[in-house]
Structure formats: C-alpha cells, structure tokens
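Please open the model in a viewer and keep the sequence panel visible. The stops below are arranged as successive selections, each followed by a description of what is found there.

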Amino acid sequence: MNQLKAWIDEHFKGDPIIWAIVILLSLFSILVVYSATGTLAYKTAGGNTELYLFRHSFLVFLSLFVMWLAHKIPYRKYALYARLFMYLSIPLLLFTYLFGSNINEANRWLTIPVINQAFQPSDLAKLSLIAALAAMLATKQRNIKDFAGTFLPIMLSIGLICGLIGLANMSTAILLLMTCLLIMFIGRVPVKFIGLVVLIGIIGLGGAVLFGQRGDTFLSRIEDFRESKVDDSKIPFQAEQSFIAIATGGVTGKGPGNSEQRNSLPHPYSDFIYAIIIEEYGLIGGATVLFLYLALLYRGMRIVVNSNKAFGGLLSAGLSFALVIQALVNMAVAVGLGPITGLPLPLLSMGGTSLVFTGTALGIILSVSRGDHQDEASAAAAEMPKTSNRLRTA
C-alpha cells in the first residue's frame, strides 16, 4: 500500500483535488454519453451502441494521458509555446473560415489529412491566447500602465483572435473575451484600458455578427430567448425538450440509461447533456456536477493565491475561468437561464479534439500547482550544502 502511494505521489503531482475531480467527471462522462448516444447509434451505426462507447472512452483516456503529459512540463515553458501557437492560430482561423468544413452553416473545422480527424482551430486559439496573455501581463507588471509597450499588443491579440473566432462561433468568442477581461483585471490592468477592450470587443463582435456566418443565428437565438420569457408557446424546440427532461427527472432521477428525452432532444450527448444528467440522476446528480465544477474553480483560484510567480497565477486563473464559465453557460442553457449557444459541457460532453485541448488546459493548471513548490524545494535543497559548509567553517 505504501509503495502504491509512493508511486502515485511520484507520477501524479500537483493538486490532488483537481486530479480527483477530473477523473470523476471523466468516468461519469463515459457512462452518460453511452446512455445519450443510444438513438444516434441506431441511426448512424446500424444499432452498434458500443461504437460510440469505445470511441468516446478512447478519447476520454487520451485526454487524461495528455493532461498527465502536460502536467509534467514546467509551466514556464508554456509562455514560449503560447506565443508560437497564438501566431499559428491566426492563419489557421482565417483558413478555416475560408476553406474549412461547413457544419451547421459555419466553417469551424479543419481535417487533419493523415489521421482524418477534424478539429476546431478555435480550441487551439483559445488556449494559446489565454496563456500568451498571462505571459505578456506577467512580464509587464512593472510597466502595466504603458499603453504602447504593454497594452497595445495585448489589445491587438485579443481583438484579432476573438474577431476571427466570432466570424463562425460567436458564443466561443464572447466567452473568450470575458475570460481575457478577467485575466486583465487580476493582472492589475487599469480599468480605463479594460473599458477600452470592452468597447473594441463590442465593435469587433458586432462586425462579426454583421459579416460572419452565424450572425443571423446569434441574433435569432437571443430574440427567441427573449420571446420565450414572455410567451411560453414560443419556447424553442431544443429548450422545450430539455425542460421536459429536467422536469421528469425529479429529485433522484429515472436511473442510468433510462432517459426518454434522448430520443427527441437534439444533441443530447453534447449541447444538452446536462438535461440528460438531471433526467437520469435527478436534481441530486445535477447539483453534484455543478458542485464539482465550482470546486474545480475554487482549487484553481487557490493555486492563484499560493503561486509566487505572476505568470503561474494568471495562467491558472485564466484556464480555470475558461473551463468553468463554459460549463456554467452550458448548464444555464439547459435549465432555461440563457439563450441556446451550442457550447459543449467540458469533461462531460462527447467530443473529439476538444477533449484533448481540455485535458491540456487541466494539465497546465496542474503544472502550475506543482511548479512553484518544486522551485522552492530545489532552492532549499541547494541552500542546505551551503549552510552546512558555513557551519563547518564557523
């Protein structure tokens, strides 16, 4: 038993609570997605319900492996990687908008030729922008009020990437802008500069609505949500089916695999998986999932408080906010507290490369949680021989 504990302590470092939350949600995801994809399997895979089970399970364990690899890399190296991938994501986003695969009237996907796997460059852009913004703010803390040298590069990076994402995926662009604003606030950026980013963001996203591919859909969803609050007969079909799933779930739910709304609810395995969770596991299951995400945010903020380096704190804060805000928006949509967005629930929804990017983000957070402590331990170990020599000399 002691050997097992020693092996775990050696190979799985960082915040143990985050490890536990992520593993618990990942395993729960396999169970819920298997239940939610039953109808999809009969429609697309000839009734082979195990196809999506094995495919999703493989991606879940792949994301956990990627998280483990990412947490082994010293987090300071991500400052260099972030800028490189941020610059790479700009032409990728532009190329995707012009020539990417068109799904649901939006070019969001690129297909990797050799492995024939599609991915969204917006996932790469989001992760790299958050890390690059944390690096830029950390290195400019002494000149944080310098407009030309500090703020202008930050403003251009945020505006360009959020604008390009907004052309095809407005909800992701808005959430990324909100996350960047929170990082800037934590990074002591003057309020007037933050206000300028808000203004530029409104102008940029407004342009994306007018000239992008999803502008009409974005506006219609907001209008549908507003009208549904006035007239129940105008509730969108997706929202109506989600409400039925939640209402029939009750306190304890119908039990695993007993969902009925998965047969009529669009995308029950991704966009509306939270409704399926409540239907099968009740309000108790829904509240438990919500608590786990809030606990993940709390542990991420604890890392910020305990970090003795600005980059580590800002990086952990940005990635934690990005994951948990997206989760809260997804859950809010399912229960009728916001317009339909199409955002998946991180760690739980069925996905492809998005699961890998989520695992990378969590691995970076874990790297931050262990990085400063390792530096302190190394410094202390290096100081011990010097102290001993001084004592001998004395």
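**First stop: helices α6 and α8**

Begin by selecting α6 and α8, whose axes come within 10 Å and cross at roughly 15 degrees. The two helices are therefore roughly parallel to each other, and their crossing is right-handed. To display the contact, show the side chains of Lys126, Leu129, Ile130, Leu133 and Leu137 on α6, together with Leu176, Thr179, Cys180, Ile183 and Met184 on α8. By class, these residues of the contact of α6 with α8 comprise eight nonpolar, one polar and one charged. Please bear in mind throughout that this is a predicted model.

**Second stop: helices α5 and α6**

Keep α6 on display and add α5; the axes of this pair come within 8 Å and cross at roughly 140 degrees. How are α5 and α6 oriented to each other? They are oblique, because the angle of roughly 140 degrees does not exceed the 145 degrees required for roughly antiparallel and lies outside the other named ranges. The crossing in which α5 passes α6 is left-handed. On the α5 side, select Ala79, Ala82, Arg83, Phe85, Met86, Ser89, Leu92, Leu93 and Thr96. On the α6 side, select Pro121, Ser122, Leu124, Ala125, Ser128, Leu129, Ala131, Ala132, Ala135, Met136 and Thr139. The contact of α5 with α6 has 14 nonpolar, five polar and one charged residues.

**Third stop: the buried residues of α7**

Next, select helix α7, residues 147-166. Its buried residues are Thr150, Phe151, Ile154, Met155, Ser157, Ile158, Ile161, Cys162, Gly163, Leu164, Ile165 and Gly166. Which helices do the buried residues of α7 pack against? Display α5, α6, α8 and α9 to see these partners.

**Fourth stop: helices α12 and α13**

Move on to α12, residues 273-306, and α13, residues 310-334. These helices pack at an angle of about 160 degrees with their axes 9 Å apart, and they are therefore roughly antiparallel to each other. The passage of α12 over α13 is a left-handed crossing. In α12, the contact residues are Tyr274, Ala275, Val289, Leu290, Tyr293, Leu294, Leu296, Leu297, Gly300, Met301, Ile303 and Val304. They meet Gly313, Ser316, Ala317, Ser320, Phe321, Val324, Ala327, Leu328, Asn330, Met331 and Ala334 in α13. The residues of this contact divide into 18 nonpolar, five polar and no charged.

While α12 is displayed, select Arg299, which lies in this helix. Is Arg299 buried or exposed? With a relative accessibility of 18%, Arg299 counts as buried. Leaving aside residues up to four places away in sequence, Arg299 touches Asp15, Ile17 and Ile18.

**Fifth stop: aromatic pairs**

The structure holds seven aromatic pairs. For one of them, select Phe12 and Trp19: the ring centres are 5.1 Å apart and the planes stand at 80 degrees, so the pair is edge-to-face. Phe12 counts as partly exposed at 31% relative accessibility, whereas Trp19 counts as buried at 8%.

Then select Phe95 and Phe99, a tilted aromatic pair with 5.1 Å centre to centre and 45 degrees between the planes. Both residues lie in helix α5, residues 78-99, four residues apart, which is about one turn of the helix. An α-helix has 3.6 residues a turn, so residues three or four places apart point the same way. Phe95 is partly exposed, with a relative accessible area of 43%, while Phe99 is exposed, with 59%.

**Sixth stop: two loop residues**

Turn to the loop between α8 and α9 and select Arg188. Arg188 is not a glycine, yet has a positive phi of about 65 degrees. Next, select His267 in the loop between α11 and α12. His267 has a positive phi of about 50 degrees, although it is not a glycine. His267 is partly exposed, with a relative accessible area of 37%.

**Final stop: Ser354 and Ser63**

Finally, select Ser354, which is in helix α14, residues 353-393. Ser354 counts as partly exposed at 25% relative accessibility. Add Ser63 to the selection: Ser354 and Ser63 are 291 residues apart in sequence and 9.0 Å apart in space, C-alpha to C-alpha.

Note on methods. Residues are numbered from 1 along each chain as its sequence is written. This is a predicted model: local features need pLDDT of at least 70, side-chain atom pairs count only at pLDDT 80 or more; totals for chains, interfaces and linings use all residues. Side-chain values use heavy atoms; hydrogens and water are left out. Axes are lines fitted to C-alpha atoms, for helices over the stretch in contact, and angles run from 0 to 180 degrees between N-to-C directions. Angles under 35 degrees count as roughly parallel, over 145 as roughly antiparallel, 65 to 115 as roughly perpendicular and the rest as oblique. A crossing is left-handed if the near helix is turned anticlockwise from the far one by less than a right angle, and right-handed if clockwise. Contact means heavy atoms within 4.5 Å. Ala, Val, Leu, Ile, Met, Phe, Trp, Tyr, Cys and Pro count as nonpolar, Asp, Glu, Lys and Arg as charged, and the others, Gly among them, as polar. Buried means under 20% relative accessible area, exposed over 50%, partly exposed in between (1.4 Å probe, protein chains only). Rings of Phe, Tyr and Trp (its six-membered ring) pair if their centres lie within 6.5 Å; planes under 30 degrees apart count as stacked, over 60 as edge-to-face and the rest as tilted.
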